[in-house]
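Me: I'm new to reading protein models. Could you walk me through a few features, one at a time?

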Amino acid sequence: MTVLLFLFGCGFKDKPVPPSQVIPKPVLDLRAELDDKGAILTWRYPNETVTGRDIEAIDSFALYRAEIPVSGYCATCPVPYGSPISLAGGLVPPEGGRTATYEVRNLRPDHLYFFKVRSRTGWWSESEDSNEVSLYWQTPPATPQALSVLGGDGSTTLQWQASAPAAGGSIRYQLHRGVDGSAMAPLGEPVATTTYTDAAVENGRVYAYQVQALAIFTHGTVRSG
């Protein structure tokens with residue numbers, strides 16, 4: 001004789017969580033920093049939901065990117081974003097402040113690029129769009145060569161070789177300076193000449209310098225190494 005035993009489980013489910021309690025606040029500080037290879041995008045992890053509840057972790061980010069040739073750009077047309085790039089998230093420290101970073105490479109000369117990002121705490125809990133950032137890409141100018149420094153009493157004079165811009169652009173130069181081994185920081189405003197006198201120096205201290213070429217176009221600025 002065969003005995004069949006049927007077991008029926010009784011599952012217990014929590015009360016459903018309103019979507020507003022798990023949807024993150026939108027990112028509001030998306031930034032793009034250009035370098036000679038492309039751009040670096042940065043933004044902070046949201047640490048609260050739209051209702052103000054703390055978030056312990058971001059499941060993932062959806063990064064949207066659009067590429068438009070300058071010749072076909074329409075300022076009043078919708079930005080043609082493609083399918084999002086999925087980026088891994090992670091834990092959010094209790095005090096917040098965690099930053100996400102994404103390198104943008106393989107950009108095409110004479111094109112405009114637009115970016116926005118959304119954050120997710122789960123498959124069905126996605127934030128609204130972040131702020132939108134845009135950048136213009138062109139072939140970077142050559143890195144300035146033959147930088148020389150002549151020290152004086154209370155001043156130093158720098159000189160370097162000119163860099164040629166791509167067609168349609170003009171060149172400026174941004175000086176950077178470090179003092180007594182400190183990190184390099186921008187020195188003054190960009191200049192159009194290939195010489196610069198730094199009159200804000202003190203005798204007996206060690207100064208280091210770098211110069212960077214800036215190619216300035218109608219749609220944006222591109223930097224050398």
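Reply: Sure, we'll go through a sheet, two loop residues and a disulfide. Keep in mind that this is a predicted model.

Me: Let's begin with the sheet. In what order do the 3 strands of the open sheet come?

Reply: The general idea comes first: strands of a sheet pair through backbone hydrogen bonds, and the pairing can be parallel or antiparallel. Here, the 3 strands line up as β9-β10-β13 in an open sheet, with antiparallel pairing.

Me: Which strands stand at the edges?

Reply: Those are β9 (148–151) and β13 (195–198). Each has a single partner strand, so one side of each has no neighbour in the sheet. As you go from one strand to the next, the twist averages 20 degrees.

Me: Over how many bridges do β10 and β13 pair?

Reply: Strand β10, which covers residues 156–159, pairs with β13 over 4 bridges, in the antiparallel sense. If you want a spot to look at, find Leu 158: it stands opposite Tyr 196 in β13.

Me: Next, backbone angles. What is the sign of phi in most residues other than glycine?

Reply: Most of them have a negative phi. Now look at Asp 110, which isn't a glycine but has a positive phi, near 60 degrees. You'll find Asp 110 in the loop between β5 (99–104) and β6 (111–122). With a relative accessible area of 37%, Asp 110 is partly exposed, because that label covers values from 20% to 50%.

Me: Where is Asp 180, and what is its phi?

Reply: Asp 180 sits in the loop between β11 (170–179) and β12 (185–191). Its phi is positive too, about 55 degrees, although Asp 180 is not a glycine. The relative accessibility of Asp 180 is 44%, so this residue counts as partly exposed.

Me: Last one, the disulfide. Which two cysteines form it?

Reply: In general, a disulfide is a covalent bond between the sulfur atoms of two cysteines. The count here is 1 disulfide, and the partners are Cys 74 and Cys 77. Their sulfur atoms are 2.1 Å apart, so the pair passes the cut-off of within 2.5 Å.

Me: What is the handedness of the link between Cys 74 and Cys 77?

Reply: The link is right-handed, with 75 degrees about the S-S bond.

Me: And are these cysteines buried or partly exposed?

Reply: Cys 74 is partly exposed, at 28% relative accessible area. Cys 77 also counts as partly exposed, with a relative accessibility of 39%.

Key: Residues are numbered from 1 along each chain as its sequence is written. This is a predicted model: local features need pLDDT of at least 70, side-chain atom pairs count only at pLDDT 80 or more; totals for chains, interfaces and linings use all residues. Side-chain values use heavy atoms; hydrogens and water are left out. Two strands pair if DSSP finds at least two bridges between them. Helices (H or I, at least four residues) and strands (E, at least two) are DSSP runs, numbered from the N terminus. Axes are lines fitted to C-alpha atoms, for helices over the stretch in contact, and angles run from 0 to 180 degrees between N-to-C directions. Buried means under 20% relative accessible area, exposed over 50%, partly exposed in between (1.4 Å probe, protein chains only).
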